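Colleague: I have this model open and would like to understand the reasoning behind some of the labels. Could you take me through them?

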Amino acid sequence: MKDGAAASARPGLRVLRRLGALALHALWPVSCPVCGRLGEVLCSGCRDALFRPPLPRCLYCGALSPCKRHVSAPLIRTAALYEGGVSRAILALKYGGFRALGCRLGEGMAALWESPAPDLLLPVPLHRGSRRGYNQAFEIAKGMGKVWGVGVQEAARWAVALTPRTGLSRAERLSLRPEAFDVSPRVRGARVVLVDDVCTTGATLACLARACEAAGASVLGACAAAGSAG
């Protein structure tokens, strides 16, 4: 009888859970961009399943590590290839106004790697004239900083007006120079990790790293939520 009663109660319990999820969604209308679960910015299970870190790359030239040209160069680490659920999550973060996704992605990224003990995390700045209203790289950095116990500073800005990196050819991306960034003098003497949402060629991160070094910072590496295969 007890087993039968428990079995008959299960459908009712599922209904209550579903009603609870709907009520939460009504109060906080979000859903996981991967599985669609209501009331979840990004499920921990979905997030952790998304991350399959490819080989790290040289921060100075983008070559796979170990780099023959820059033997002791800091590295770009990416949490996954830019495809499937990761690309959907990043698109929702950047263009869907799903700002809270950034922190969730950043928390998962920080759990992948041991902290190199930086003094600060420095996100790649938004392009001049951007109408997004928030910097997705800053939101990701906040999540990483929460796990690593490190502060985040928006200590860099674009010194020139450029078209967004999305859609540019490889040659156009590689034409970027460190002078494209203004970096605050407050980074002088600081150990810095750069943060971005997507790394394609690594050119933006490389130029920002050089600009930070010119401002007196020591760049320990860079982290991105996703990267290209090549």
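Colleague: What makes the link between Asn135 and Ala137 at the start of α5 a polar contact?

Modeller: This is a predicted model, so the answer rests on its atom positions. A side-chain oxygen of Asn135 comes to within 3.0 Å of the backbone nitrogen of Ala137. The cut-off for such an N or O pair is 3.5 Å, so the pair counts as a polar contact.

Colleague: How do you know that the length of α5 fits a helix at 1.5 Å a residue?

Modeller: Helix α5 covers residues 136–148. Its 13 residues should span 18 Å, and the end C-alpha atoms are 19 Å apart, so the two values agree. Just after the helix, Gly149 takes a positive phi of about 70°.

Colleague: Why is α5 called largely enclosed?

Modeller: Buried means under 20% relative accessible area. In α5, 10 of the 13 residues are buried, so the rest of the structure largely encloses the helix. Among them are Phe138, Ile140, Met144 and Trp148, along with the polar Gln136 and Glu139.

Colleague: What covers those buried residues of α5?

Modeller: The cover includes the helices α3 and α4 (100–112), as well as strands β3, β4, β7 and β8. Helix α5 lies across those four strands, at about 130° to β7. Helix α3 (residues 84–95) lies across β7 and β8, at about 105° to β8.

Colleague: Which residues touch the most other members of the largest nonpolar core?

Modeller: They are Met109, Leu121, Met144 and Trp148, in a core of 33 residues. Helices α2 (44–50), α3, α4 and α5 and strands β7 and β8 each supply at least two residues. Beyond its neighbours within four places in sequence, Met144 is in contact with Gly106, Glu107, Met109, Ala110, Leu121, Val195 and Cys223. A second, separate core has 28 residues, including Val187, Leu194, Leu205 and Ala224.

Colleague: And the sheet: how do you know that β3 and β7 pair?

Modeller: Pairing needs at least two bridges, and β3 (residues 120–123) and β7 (residues 191–199) have four, so they pair, in the parallel sense. One bridge partner of the set is Leu194 in β7, which is matched with Leu122.

Colleague: What makes β1 and β4 edge strands?

Modeller: The open sheet has six strands in the order β1-β2-β8-β7-β3-β4, with mixed pairing. Strands β1 (57–58) and β4 (151–152) each pair on one side only, and are the edge strands.

Conventions. Residues are numbered from 1 along each chain as its sequence is written. This is a predicted model: local features need pLDDT of at least 70, side-chain atom pairs count only at pLDDT 80 or more; totals for chains, interfaces and linings use all residues. Side-chain values use heavy atoms; hydrogens and water are left out. Contact means heavy atoms within 4.5 Å. Axes are lines fitted to C-alpha atoms, for helices over the stretch in contact, and angles run from 0 to 180 degrees between N-to-C directions. The expected span of a helix is 1.5 Å times one less than its number of residues. Buried means under 20% relative accessible area, exposed over 50%, partly exposed in between (1.4 Å probe, protein chains only). A polar contact is a pair of N or O atoms within 3.5 Å; within protein, one must be able to donate a hydrogen and the other to accept it, and residues adjacent in sequence count only if both atoms are side-chain atoms. A nonpolar core is a set of buried Ala, Val, Leu, Ile, Met, Phe, Trp, Tyr and Cys residues joined through side-chain atoms within 4.5 Å.
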